[in-house]
Amino acid sequence: MITRRAAAVALRTSLRRACSSHAANSDDPLFGLFDASAPHPEPRLLPKDFAFIKDPTPALPAAALPPPEAVLISKAVRAYGSDFDGKAERFLRRYREFLTDSLVVAVLRTVRSPDLCVRFFLWAERQVGYSHTGACYDALADVLGFEDHARTAERLLREIGEDDREVLGRLLNVLVRRCCRRGLWDEALEELGRLKDFGYRPSAVTYNALVQVLASAGQVEMGFRVQKEMSASGFFMDRSTIGCFAEALCKDGRWTDALDMVEREDFKLDTVLCTQMISGLMEASLFNEAMSFLHRMRCNSCIPNVITYRTLLSGFLKKKELGWCKRIINMMMAQGCSPNPSFFNSLVHSYCSAEDYAYAYKLLNRMNTCGCPPGYVVYNIFIGSICGREQLPKPELLDLAEKVYEEMLVASCVLNKVNTANFVRCLCGVGKFEKAFQIMKEMMRKGFVPDASTYYKVITFLCQANKVDKALLLFEEMKRAGVNPDVYTYTILIDGFCKAGLIEQAQSWFDEMTSAGCSPTVVTYTALLHAYLKSKKLLQANDIFHRMVDDACYPNAVTYSALIDGLCKAGEVQKACEIYAKLIGASDNVETDFYFENKGVDTISPNVITYGALVDGLCKAQKVADAHELLYSMLSAGCEPNQIVYDALIDGFCKFGKIDNAQEVFLRMTKCGYLPSVHTYTSLIDRMFKDGRLDLAMKVLSQMLKDSCSPNVVTYTAMVDGLCKIGETEKALNLLSLMEEKGCSPNVVTYTALIDGLGKAGKVDASLKLFTQMKTKGCAPNYVTYRVLINHCCAVGLLDDAHLLLDEMKQTHWPKYLQGYCSTVQGFSKKFLASLGLLEEMESHDTAPIAHVYGMIIDSFSKAGRLETALELHKEMMEVSSPLNMTSKGMYTSLIQALCLSSQVEEAIALHIEMTRRGTMPDLSLFVCLIKGLIEVDKWNEALQLCYGICQEGVKWQGNKSFDGG
């Protein structure tokens, strides 16, 4: 027996001989197929000769290459194609003993010529001991299926039929099944028609393939026709076809037809078939019918398996029928079936999307009992769904997320960077900054390395919550981790520090940013510019503006809006108006030209924020008429005012006492579709209470409650203050109790207003009692509270109580370092502060003037004749408040007069010298008191010297009349 390799070698040798014997004949179709034996001339160099220098092209795998025998046969078939029955067949006879289906397929795919392929195919079929398989028919169908050879294929089919009808019948059946496999049911029917035209009957396999493709395409009526024809031909559907057709019928809602079909085919229901029918019913949303099939399965002793339950779960999940899912899960667990981890993940995701977090958490716990503990994916799904929304989750949901997070840590899993950022944002939103910072550190210990974007998001959350200290710590951690801050991180940090009033630190970040080569944006410059203007540092603000323009970072509409707002808050309302006028092209003032030297400024127009800032600034500067005119200018410019503009104007009119104008703007606002806010109602109610128009204030309050707008602490405080000003302190106390019942806690301004009202009504004991209640409820008094209460205690002679209050203020509620006096009196109206004499103090001091509190108490003790305590307080004041400007003329006058009356003239003269050294000129009455005191102790020379000093220096009389010794 000759081996296959030896035969192949012999075949190649004979082929070469045949080719060389025809070398001289140019008509030989094999001429030039092989190299001639004659020597060749020296070839010239070609680029391919240097191909070895390049990287070698990877060879195809051996399985992808046709066998060498197939290559040789293919060449021979093409070479002898014109004489196939002669030379080709004589050549192929040597090879027929090695004929296999894989060889035939390789030859067909290599030759590709329909005529030659058909001839070779028929020759191979006639060989003894060989028969074509389905793969061979498929390969031939591929060759005949080209659109360019449609007519040729038809002709060849007829030639095949004339040569071998059995082969043609098989081939036509293969063509039908080939279309079915590709899902081309319409082409499959055309091929079926051609098969019948040739006089053949489809095989059982062909009928099954047709029914399946029609069922998959939803052509159930056509499927019934084919099935009927199939039954008439004596064929039955196989198991796979019955399942596919039954599922299609159920999907079409015809589950009874499916059962009839199964019965006609004499097929018993089993678990697989019932599962397929349930799948179809689920697609059709026939949930009750699907569940009845589940019951039918049990009645027919078909036990549902895990595939059945997963089919039901998958269908219910797709249709968002989560209530049914719970029933299926319970049934699965009862029968010992469990979803796989991916199914658990899908279930948790669906219940989280439906906000049924309680059941989703229950599923998490069930995963452990089912032997598939929760992993990275499901933990991120759960926490991400709670924290991934724009609005903050409810407190109980955030607590649940924290609980799951702790379980995740035990399971050694981590959050991805998106969920980490969102989780931290939610924690920061509810004030859990320590927890948020701890999570960042824990994730980093677990191998999670935040990128610049994650750091930026978390720093943004912290800055927005005014937690710049935590933001700074995270920023330093970011740099230590080797993550370079980008311009957005620097900008949000600068903006956060600016809003916290820490401008120097913000400036240092700005300098660090520029030195690191990170170019500031217009947002960065605008944040610093606005901060400097609000703190009245105009020179620094102008410098920042110049630097911005010099760096080719030109201001935009937001910058100009911030510029106008900052100037208004700095008290430079006139300059803000000039910049606005310049923006609209209505001013030629050269003083503001440097703000408009940049290119592109002509395209910038004031927007609603610009107008809102200017309206608010004008109202606060008591120029409400100009603000009202600006409203009309805004409307004429086509810029629709927003609620902020209307609220600012209403508040301005109310503070200026023009309640009618405020109501007019209020009506305009409501006609434009804006609902009044709590700020709007509070401005109106405050003014009406101050004017004593309680009936009108109550109407506004009723309308406020009707609009479901609940009063806030500012509203209640305005009403409390208004009632106190008209002497209705009992009603004010009842209102305080009411606001606490409604869950609105009074603040320091509320308590101070009521303490002042009770004191002015002569109820100082009630003021002291309310003061104690205030501290008991956790509301810390501030400087204004102490000042008010000490003033009232001094007025009614409760000097010991006033002294105790002063000591308490110094020890517990008096800050060692104050950033500004304005922060101390924040929340109090200017009118209220003016009634306490604090406005003048605020203008002359940048820190809260504690010396004036001392002066008030010393004056009271002096007038009460308690000189020893007054002098002790004076000495203490000198020690505690020596850096401050202590020019309280009333305190010195009362002390000196009391000392003179008690014959302590030397101490009185010492105080007089101290008074003048501090720049306070005594009144003539004080000189008279000193002279009389000196005379009473027989110190005439000193009295005459003092008189001489008065004559030399000149002393202001009361009423601005001077005494010059004349």
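This is a short tour of a predicted model, stop by stop, with a selection to make at each one.

**The whole chain**

Begin with everything shown as a cartoon. The protein has 966 residues, and 47% of them are buried. Its secondary structure consists of 52 helices and two strands. Among contacts with a separation of 6 or more, 62% join residues that lie 24 or more positions apart. Switch to a surface if you like: about 48,600 Å² is exposed, with carbon and sulfur atoms supplying 52% of that area.

**Colour by confidence**

Next, colour by pLDDT. The mean for the protein is 76, and 76% of its residues reach 70 or more. Now select residues 1-63, where pLDDT stays under 50. The model has 31 contacts beyond four places in sequence for this stretch. Then select residues 836-848, another run with pLDDT under 50, for which there are 34 such contacts. Where pLDDT is low, the predicted coordinates should not be read in detail. With that in mind, let us move on.

**The second largest pocket**

Select Lys-499, Thr-526, His-530, Val-558 and Ala-562. The second largest pocket has a volume of about 560 Å³, and these five are the closest to its centre among the 26 residues that line it. To see the surrounding framework, show α26 (487-499), α28 (522-534), α30 (557-569), α32 (608-620) and α34 (643-655), the elements that each give two or more residues to the lining. Which of them gives the largest share of the lining? Colour α28 to find out: seven of the lining residues come from this helix. By type, the lining divides into 13 nonpolar, eight polar and five charged residues.

**Thr-559**

Stay with helix α30 and select Thr-559, which lies in this helix. Is Thr-559 buried or exposed? Its relative accessibility is 1%, so Thr-559 counts as buried. Leaving out residues up to four places away in sequence, Thr-559 touches Val-522, Thr-526, Leu-529 and Met-548. You have already met Thr-526 as one of the residues closest to the centre of the pocket. For a distance to check in the viewer, pick the C-alpha atoms of Thr-559 and Phe-545: they are separated by 9.6 Å, with the two residues 14 apart along the chain.

**Ser-767**

For the last stop, select helix α41 (residues 764-776) and find Ser-767 within it. Ser-767 counts as buried because its relative accessibility is 0%. Show the side chains around it: Ser-767 touches Ile-755, Leu-758, Gly-759 and Leu-789, again not counting residues up to four places away in sequence.

Technical notes. Residues are numbered from 1 along each chain as its sequence is written. This is a predicted model: local features need pLDDT of at least 70, side-chain atom pairs count only at pLDDT 80 or more; totals for chains, interfaces and linings use all residues. Side-chain values use heavy atoms; hydrogens and water are left out. Helices (H or I, at least four residues) and strands (E, at least two) are DSSP runs, numbered from the N terminus. Buried means under 20% relative accessible area, exposed over 50%, partly exposed in between (1.4 Å probe, protein chains only). Contact means heavy atoms within 4.5 Å. Accessible areas come from the Shrake-Rupley method with a 1.4 Å probe; for residues, only the protein chains shown count as cover. pLDDT is the predictor's confidence in each residue, from 0 to 100. On a 1 Å grid over the protein atoms alone, a cavity is a set of points where a 1.4 Å probe fits but cannot get out, and a pocket is an open set with protein on both sides within 12 Å along at least five of seven lines; lining residues have an atom within 4 Å of a point. Grid points are joined across faces, edges and corners, and a volume is the space filled by probe spheres set on the points. Ala, Val, Leu, Ile, Met, Phe, Trp, Tyr, Cys and Pro count as nonpolar, Asp, Glu, Lys and Arg as charged, and the others, Gly among them, as polar.
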